[in-house]
Structure formats: C-alpha cells, structure tokens
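Let's take a walk through this model together, starting with enclosed space and then turning to charged contacts. Keep the 3D view open as you read.

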Amino acid sequence: MLLHGVGHHWQAWEPVIDRLSGEFDVIACDTPGFGRSAALPASIEPTIAAYVDAFEWFFAELGLERPHVAGNSMGGAIALELARGRSIRSVSAFSPAGFWTAAERRFCQLSLSVLAGTPAATRPSIEALARTRTGRVALFRQTFGFPARLPTEEAVATLRDAWASPAFARTLEAFSSYHFGAPEQLRSTPVTIAWGNRDRLLPYRLQAPRARALLPWATHVTLGAGHVPFYDDPAAAAEVIRARARAAAAGERRPSHS
C-alpha cells in the first residue's frame, strides 16, 4: 500500500509501481480529500489520526490483512502511526512528517499554503510555466531534488489536483496538532525511514537526525533525492520498499526457538 503526501496524489508513485508490481500486489490510492478520493465527512477534522482510522477501515474493506505500507511526508506519518496498532506488516517512510520543531512545522505549513491558496486567476500562467523545464525547476525545487526530471504532464496534474483538493488547507492546519512521539510503541513493526539529502521542505540535516535518535532500531537510509524522491531516483526508492518488505516477510517465516 502506497500513501502520498499532503496536497499530492497517487500518481506520485508511478515511477516505482512498475518496479514493485512484478513481486508484490501494489495498491496506490488517493488519501481522502485529495486526488479523486472524496473528503472525510465535514464533521471530522482531517488530522493524521483521522487518516489512520480511515486507512484501517479501507484495509478492512479490501480484505487486506496487515499489508506492507510505504508513505511519503504526511503519508509517511500515517504509515508510522498505523504501525502502533499493528495493523500493518512493515513501514517504509520517506521523509515522514512529525519530526519537526514548531518553527519547522510552521515553515512547512506556510510553504504549502502558498500552493493551496493560489488565486484562480493566476493558475493558467503557472500551468504554462510548469510546461517549461525552467519553470518546473522554479516551481518544484522545494519538493523534488531534480525537478527537471518531473514529466510535464505530471507537473501540471500535480498542480491541478492540489488546487482542486477540498482537504488541502484544513489538513495543513491540522498539522499543528501532530508531532511524532512514543517511538517504543513501534518496536514490534519493522521500520525503514528514508530521507532525501536534497529535501528542502522537511530538511534532511535537521529532521533525519531526530528520526534516527527516536527510532535507533529502525533502518535509516539516505537518498540522493528531494522530499518526494520517486521521480528523482525511482530505482533507489523502489529498493527501499522492496528490501523492507522482503526482510519483514523473511522474519515472519523464520522458525521461532524456545
């Protein structure tokens, strides 16, 4: 199961899906309120905890018994939180949200709120800019380590789906209540955390060390990529997921000793 970040859509994972589908049944879906998925009910605040509940119900509806889950950014935070209830088999979290200080969280919220609040009148010109290599570098350098590698149509679709999202602004606001904690609750679930050293949204040099300190028993990987690494280096991103899932499966098959 592949979970995208806030303001994004399942297509963020397309470069790694083919690399995984020969070995795994792969499901990449839009989080409620993003892409083509309906939003959570208006009475439910779109917090990380609310999305955890939504995905637990989604797994049950699909008949998925403890899937391997990979998540990016907000999706990484959701994946780590899912591990607390042992509803998943393993976690591969790419630049997960929640290892921030209050100032770093506000920086993230403010940065993405610019995209969420783009005036409708300016959107056609921004789309036109995204259709140029120079424009993609300018528009996506905060989230992609090599934004010129982002295909033109995916860049435009990313913008359109972010602008159309009914949950984007409220979900960003709800980040204020989230901070990763109680790491000991995840000890029973195999975890890999991968961070791009070109991440400018949740900066690698600040937040990756905190993840290492809080989860010293997890596997930690540094990628030569940005915040969203799947177009930057799809082979490396796919290998992070493949290695984690294989190791978790091998551990379950290993006979126990008394």
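Three elements of this predicted model each supply at least two residues of the lining of the largest cavity: β5 (191-196), α9 and β6 (219-223). The biggest share comes from α9, which gives four residues to that lining. If you would like to select the lining in your viewer, pick I193, A194, W195, Y204, A208, A211, R212, H220, V221 and T222.

What is the chemical character of this lining by class? Seven of the residues are nonpolar, two are polar and one is charged. The space inside comes to about 40 Å³, and the structure holds one cavity of 30 Å³ or more. As for how such a space is found, rolling a probe the size of a water molecule over the atoms shows where empty space is left.

Now for the charged contacts. How many salt bridges does a search of the whole structure find? The search turns up eight, and a few of them are worth visiting one by one.

A good place to begin is helix α9 again, because R210 lies in this helix (residues 204-214) while E104 lies in helix α4 (residues 102-116), and the pair ties together parts that are 106 residues apart in sequence. The side chains of R210 and E104 meet at 2.6 Å, N to O. Are these two partners buried or exposed? R210 counts as partly exposed because its relative accessibility is 26%, whereas E104, at 13%, counts as buried because the cut-off for that class is under 20%.

The salt bridge between R84 and E81 has its closest N and O atoms 2.5 Å apart. Here R84 has 22% relative accessibility and so counts as partly exposed, while E81 has 16% and so counts as buried.

Next, find R131 and E153, whose side chains meet in a salt bridge at 2.8 Å, N to O. R131 sits in the loop between α5 (123-130) and α6 (133-140) and E153 in helix α7 (residues 152-164), so this contact ties together parts that are 22 residues apart in sequence. With a relative accessibility of 39%, R131 counts as partly exposed.

Our last stop is a group rather than a pair. Which residues are joined into one network by salt bridges that share partners? They are E23, E239, R242 and R246.

Notes: Residues are numbered from 1 along each chain as its sequence is written. This is a predicted model: local features need pLDDT of at least 70, side-chain atom pairs count only at pLDDT 80 or more; totals for chains, interfaces and linings use all residues. Side-chain values use heavy atoms; hydrogens and water are left out. A salt bridge is a side-chain nitrogen of Lys or Arg within 4 Å of a carboxyl oxygen of Asp or Glu. Buried means under 20% relative accessible area, exposed over 50%, partly exposed in between (1.4 Å probe, protein chains only). On a 1 Å grid over the protein atoms alone, a cavity is a set of points where a 1.4 Å probe fits but cannot get out, and a pocket is an open set with protein on both sides within 12 Å along at least five of seven lines; lining residues have an atom within 4 Å of a point. Grid points are joined across faces, edges and corners, and a volume is the space filled by probe spheres set on the points. Ala, Val, Leu, Ile, Met, Phe, Trp, Tyr, Cys and Pro count as nonpolar, Asp, Glu, Lys and Arg as charged, and the others, Gly among them, as polar.
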